[in-house]
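Student: I have a model on my screen and would like a close look at one part of it. Could you walk me through it slowly, and then show me what lies around it?

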Amino acid sequence: MNALKLAVLIVVVLVLAELSRWDVLEKVFFVLAGLFVVAFIWSRLSLRGLVVTRETQADRAQVGQALVERLRIQNLSRLAKLWVELIDHSDVPGHRMSRVVHLRPRDSNRWRVETWCSRRGRFRVGPLTLQSGDPFGLFPVRRLVPYVHELLVYPATVDLSGFRLPVGELPGGNSLQRRTQFVTPNAAGVREYLPGDAFNRIAWAATARTGQLMVKEFELDPTADVWIVLDLEARHHVRAGHHLPPLDPRAAGRGGEELPLAFWLDSTEEYAVTTAASLARHFLDQNRNVGLITNNSQPTTIPTDRGGRQMVKILEFLAVVRADGTQPLAETLLAEGGNFDRNATVIVVTPSTDEQWAQVLMNLSARGVGVVVVLIESSTFNGGESSLMVVSDLAAIGIPTYLLKYGDDIGRALATQAATMGAVRTTP
């Protein structure tokens with residue numbers, strides 16, 4: 001637009017100079033015309049010879065961890081770049097890579113950006129836009145650097161080493177009589193070695209006795225499978241109406257800046273997802289079979305399994321899931337009831353204050369299924385409904401219930417309540 005105005009001004013000065021035959025106007029015309037040409041050539045050369053290199057350390061991160069990215073811009077031409085603006089189009093919350101730099105001939109500039117991941121989800125890193133032009137701003141030029149990197153941010157997981165399921169909620173007894181490729185405390189016997197068997201399963205004593213390679217066979221542990229039921233019905237989830245200061249002063253960023261807990265635990269949804277992820281990690285670290293059931297807009301069931309691959313599967317799902325479901329928790333429990341047998345423990349994570357799902361849990365408990373509830377008190381977030389009636393119903397039918405309020409440290413709250421409940425149960 002400025003170039004168009006200048007062009008119009010040049011034409012007007014030229015016309016006046018021809019009409020008035022005034023030498024000053026002719027000189028002004030040549031100055032303006034020269035300025036126009038110089039600015040045009042300058043702008044066309046302002047982005048020539050620039051090379052941008054962008055490095056992102058990982059394509060996976062976790063809430064509470066830092067995303068580290070490095071960027072380098074090189075000027076390979078013999079002309080200096082008065083100013084070059086780099087505009088970053090990443091949608092990672094709080095990620096500020098944009099900058100304005102000055103480059104001498106054959107010069108380079110590099111910087112490093114560290115961003116705290118405060119939101120779970122799938123994000124885009126890039127692209128970049130280079131913007132420059134002439135010193136007069138007549139001919140701005142832009143160039144797109146189409147580097148795009150996808151970043152998946154997992155939900156945070158907290159330490160639940162102090163969390164224990166109440167006594168009587170872990171079915172046990174005889175082995176389940178099912179062979180497994182995992183090493184468990186239950187050795188079922190030995191057999192001849194087959195190609196593909198792990199060397200750490202070789203039974204050396206049996207090998208020495210028989211004269212041929214023998215490997216141990218294992219059976220599943222007599223402990224229960226763990227099903228985590230995550231309630232994502234939209235109408236029960238609320239956001240916090242205020243923010244809390246960080247609970248742990250050690251959770252600090254660079255330069256003394258802190259990453260408040262309220263940045264990522266600011267809703268019942270985030271509390272529920274973080275609790276579910278933490279429970280899954282806790283039991284998978286114990287080599288337990290863990291499954292996940294949700295009632296979001298596309299109800300999902302992740303079958304029980306164990307190991308690191310199952311943890312990654314659960315985290316990848318929880319990274320993008322949202323509390324957008326319409327199916328009530330009671331209907332979800334009824335629909336998935338076939339997955340729960342006497343060798344299962346069901347842990348329900350919910351902010352729901354409906355009493356119907358409590359009745360469904362009572363029926364599951366009557367069938368011998370272990371049932372535990374982690375209830376997120378929505379009334380402590382933003383004036384949600386009180387959970388007093390639900391807690392009373394669960395207490396009346398003897399279902400262990402853990403309460404989480406806004407601002408609670410999840411690991412500490414579950415560990416403290418577990419210790420209290422254990423003390424109550426063991427009291428004569």
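The request comes down to one residue and its surroundings, and the tutor's reply follows.

Student: Which residue in strand 8 is the bridge partner of Asp88, and which side chain meets that of Asp88 in a salt bridge?

Tutor: Happy to help! Please keep in mind that this is a predicted model.

Let us begin with the strand pairing. In strand 8, Asp88 has Leu128 as its bridge partner. The two strands involved are strand 4, residues 81–88, and strand 8, residues 128–132; they run antiparallel and are joined by four bridges. As a general point, the strands of a sheet pair through backbone hydrogen bonds, in either a parallel or an antiparallel way.

Now for the side chain. Asp88 meets Arg54 in a salt bridge, at 3.0 Å from N to O. Arg54 belongs to strand 1 (residues 50–56) and Asp88 to strand 4, so this contact links distant parts of the chain, 34 residues apart. Both Asp88 and Arg54 are buried.

Step back and you can see the sheet that holds this pairing. It is an open sheet of four strands in the order 5-4-8-9, with antiparallel pairing. Strand 5 (99–103) and strand 9 (141–145) are at its edges; each has a single partner strand, so one side of each has no neighbour in the sheet. On average, neighbouring strands here are turned by 25 degrees against each other, direction ignored.

Two loops around these strands deserve a look at the backbone. In the loop between strand 7 (121–125) and strand 8 you will find Pro127. The peptide bond leading from Gly126 to Pro127 is cis, with omega near 0 degrees. The loop between strand 5 and strand 6 (108–116) contains Arg106. Arg106 is not a glycine, yet its phi is positive, near 55 degrees. Arg106 counts as exposed, because its relative accessibility is 57%.

With that part in place, we can follow the salt bridges outwards. The whole structure has 16 of them, and Asp88 with Arg54 is one such pair. Another is Asp266 with Arg119, whose closest N and O atoms are 2.5 Å apart. That pair also links distant parts of the chain: Asp266 is in the loop between strand 14 and helix 4, Arg119 is in the loop between strand 6 and strand 7, and 147 residues separate them. Asp266 is buried, at 4% relative accessible area, while Arg119 counts as partly exposed at 26%.

A further pair is Asp354 and Arg235, with the closest N and O atoms 2.7 Å apart. Asp354 lies in the loop between strand 17 (344–350) and helix 7 (356–366), and Arg235 lies in the loop between strand 14 and helix 4, 119 residues away. Here Asp354 is partly exposed, with a relative accessible area of 24%, and Arg235 is exposed, with 53%. There is also a network: Arg120, Glu269, Glu270 and Arg322 are joined by salt bridges that share partners.

Strand 14 brings us to another sheet. This open sheet has six strands, ordered 16-15-14-17-18-19, and its pairing is mixed. Its edges are strand 16 (300–305) and strand 19 (401–404); each has a single partner strand, so one side of each is left without a neighbour in the sheet. Neighbouring strands are turned by 15 degrees against each other on average, direction ignored. Helix 5 (residues 308–320) packs on this sheet and touches strand 14 (225–230), strand 15 (290–294) and strand 16; the directions of helix 5 and strand 16 make an angle of about 165 degrees.

Elsewhere in the six-stranded sheet, strand 18 (residues 370–376) pairs with strand 19 in the parallel sense over four bridges. Leu375 is opposite Leu403 of strand 19 there. The loop between helix 4 (268–284) and strand 15 holds Asn287, another residue other than glycine with a positive phi, near 65 degrees. Asn287 counts as partly exposed at 24% relative accessibility.

Let us finish on the surface. Val37, Phe40, Ile41, Leu45 and Leu79 make a nonpolar patch of about 410 Å². Ile41 is in helix 2 (residues 23–45) and counts as partly exposed, at 45% relative accessibility.

Terms used. Residues are numbered from 1 along each chain as its sequence is written. This is a predicted model: local features need pLDDT of at least 70, side-chain atom pairs count only at pLDDT 80 or more; totals for chains, interfaces and linings use all residues. Side-chain values use heavy atoms; hydrogens and water are left out. Two strands pair if DSSP finds at least two bridges between them. Axes are lines fitted to C-alpha atoms, for helices over the stretch in contact, and angles run from 0 to 180 degrees between N-to-C directions. Contact means heavy atoms within 4.5 Å. Patches are made of residues with over 30% relative accessible area and no salt bridge: like charges are joined within 9 Å, nonpolar side chains (Val, Leu, Ile, Met, Phe, Trp, Tyr) within 5 Å. Accessible areas come from the Shrake-Rupley method with a 1.4 Å probe; for residues, only the protein chains shown count as cover. A salt bridge is a side-chain nitrogen of Lys or Arg within 4 Å of a carboxyl oxygen of Asp or Glu. Buried means under 20% relative accessible area, exposed over 50%, partly exposed in between (1.4 Å probe, protein chains only).
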